[in-house]
Protein chains: 2
Amino acid sequence: MITYTVELGARSYPIYIGNGLLSKGELLEPHVRGRAFIVCAQSIAELHLPALQSALRGIDHDTLLLSDSEQHKNLDTISEIVDALLHQRFDRETTLIALGGGVVGDITGFAAACYQRGVPFIQAPTTLLAQVDSSVGGKTGVNHRLGKNMLGAFHQPRCVIADTDTLQSLPDRELRSGMAEVIKYGLICDAEFFTWLEHNLDPLLARDVGALSHAIARSCANKAQVVADDEHERGRRVILNLGHTFGHAIETETGYQSWTHGEAVAVGMCLAAEFSNRLGWLPQQSVQRAIDLVRRAGLPTAPPPMGADAFLQHMLRDKKTRGDNINLVLLQDIGTAVVTHEYPIAELREMLDRHA
Amino acid sequence: MITYTVELGARSYPIYIGNGLLSKGELLEPHVRGRAFIVCAQSIAELHLPALQSALRGIDHDTLLLSDSEQHKNLDTISEIVDALLHQRFDRETTLIALGGGVVGDITGFAAACYQRGVPFIQAPTTLLAQVDSSVGGKTGVNHRLGKNMLGAFHQPRCVIADTDTLQSLPDRELRSGMAEVIKYGLICDAEFFTWLEHNLDPLLARDVGALSHAIARSCANKAQVVADDEHERGRRVILNLGHTFGHAIETETGYQSWTHGEAVAVGMCLAAEFSNRLGWLPQQSVQRAIDLVRRAGLPTAPPPMGADAFLQHMLRDKKTRGDNINLVLLQDIGTAVVTHEYPIAELREMLDRHA
């Protein structure tokens, strides 16, 4: 087991990474005060809920099963969780535990942030994406019909349990989607890790436990380093959104249905790399390395045929915009990201026109 | 104008108290970055919105009118605010301004806490209750169908504008309801202020500006002192709930309709005083002073005929309970509150039986 500690002063917390962790009561117990309430993704309940429940043997707890589709990530589901908590008289000493992918983690984290103005929670992410993304940063929230993640809160977990056993049963497409975020960390801040990924992509896709554990730990460490002195997303942290502004536009246009988040981000990263090259910042050879790794991971590298207008319209509504400028995360090198709104918009439109 | 600064380190903020403040652009402008979005109570829009809008002359802003009834304090209204913000493309640099009573303040504050994971907000409370209660403490939130304030966040305002002009048009019943919270500060931590209130109740009820300003400033200062080193309500801050556990039970039982919050709290304080006396802590003479001041303020001193069982059941679900104990705020003296769950429950039931 690897333990990586996210340093946040009084709110520091450990991320436990390894095999067979869900059933280890000794990992959970120190972080639970009072009763526990598990919010579990329906799709993985049969496979992984028994392990977590056995870890909670000594603690009074209850479970709510939730759909883990992006469609249900809304205020109605928050209301459903609150209903369940109040019906069972869960009080302010309750710890919420999210068992599932990013959707369940985001919803449960937000419910924990809001329930009675805040109760503790624990993340037990069961997808690669959630393990390398939601484990660090404290972002929680739900979608609104006019945009993704429009309601939310920063709420840090007490601990994160990233059990690599849960990745063995993950559908191939979801594993690959998670790889998009892993590759992202290499691109934005860790050239050495990017090279390691180029050499270790095959064992990763073959779900080698050692390779996965290393990739998860290094991804979390990279994210934690970026987030550490920018907890509330005012500055440097924005680089974590490499590919996301383009990606959200694709997700919004396609109704969060046909594309996974990771696939949309994968395309977004390729577009960001290409645009960086167009602005004269990133050599063509580096663009190619980025696109090659994304392609080798089984991820798409080009957007759906949605048209530049739709692209730009969705991007304008993206929350990373300031006023009417579209802030973009671009690359100066593999391992070096910059945030800028200073570029010719016509150039952006031209590139999108060519693709979409 | 009195300026009272709530000391919260980096999040310290001023409360401006006095006449004609809503129209003073120079008070608002330093606290607004980007665009402004006013959420205004329908009932007072005609009277007070023009003043605030004139103060925002130089700032791009928009307004949403909301019903200010407790019934609308729910997630649907949060969703309505988010709809309006997204439709007008308000981004993360938006400042929300709440103009109205406590309901509008609570809703708007929670919307600000959640919108895009948090934007700044300003409180412009227009009722005495909101001026002495919501101005300090950072509590925001909405009700759930199974309980009051079950969803919320701690979110501090950038400044509070307590314009006493808004109290001149306040319905008598609302002014008196606000007095309940003012009296509460005397009871829990400021015996001198309690005596001042006994001597100045008549000018206060006659809406004398000097008396009102003093009462508001002193109330805010008392609340701020209690909250200062307990921002997240883990300890001493609980004394601010004097009368509230009883009060919430009355509000829940009567469906938040026939009783105002202040009236319910007024009765709650009388019950707390009486129970403190039953436990041998508070002399009968002090109980009488408390009840007399409440009665002179035109507030009720006894609960509706709801029965001890209903009372206890609602109290059990109150969020200030820990496990199965009902935590109560009681009085050792006028100006000295204590929190305890150590008392004979039979004694409590007997008292409630006698009254309800």
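Here are legends for a few close-up views of a predicted model.

Residues count from 1 along each chain as its sequence is written, chains are lettered from A, and ligands are numbered from 1, in the order in which they are written. Because this is a prediction, local features need pLDDT of at least 70 and side-chain atom pairs count only at pLDDT 80 or more, while totals for chains, interfaces and linings use all residues.

**View 1. Chain A as a whole.** Let's start with confidence: chain A averages a pLDDT of 93 (pLDDT is the predictor's confidence in each residue, from 0 to 100). In chain A, 96% of the residues score at least 70, and the model scores ipTM 0.84 and pTM 0.87. You can pick out 14 helices and 11 strands in chain A (DSSP runs numbered from the N terminus, with at least four residues of H or I for a helix and at least two of E for a strand). The radius of gyration of chain A is 20 Å, close to the 21 Å from the globule rule for 356 residues, so chain A is as compact as a globular protein of that length (the radius is taken over C-alpha atoms, and the rule is 2.2 Å times the number of residues to the power 0.38).

**View 2. Where the two domains of chain A meet.** Chain A is assigned domain 1 (2-168) and domain 2 (172-355), with bounds from an automatic or database domain assignment. Their C-alpha centres lie 26 Å apart. The contact takes 28 residues from domain 1 and 29 residues from domain 2 (two residues are in contact if their C-beta atoms, placed from the backbone, lie within 7 Å). On the domain 1 side, the largest share, 5 residues, comes from H5(A).

**View 3. Where chain B touches chain A.** Each partner chips in here: 29 residues from chain B and 29 residues from chain A. On chain B's side, helix H3 (75-87), helix H4 (102-114), strand E7 (139-144) and strand E8 (147-154) each give two or more residues. E8(B) supplies the largest share, 6 residues.

**View 4. Inside the largest nonpolar core.** This core has 224 residues (buried Ala, Val, Leu, Ile, Met, Phe, Trp, Tyr and Cys joined through C-beta atoms within 7 Å; buried means 20 or more other C-beta atoms within 10 Å of a residue's own, exposed 12 or fewer, and partly exposed in between, with C-beta atoms placed from the backbone). B:Ala272 is among the residues that touch the most other members. Leaving out residues up to four places away in sequence, the neighbours that B:Ala272 touches include B:Leu242, B:Phe246 and B:Leu330.
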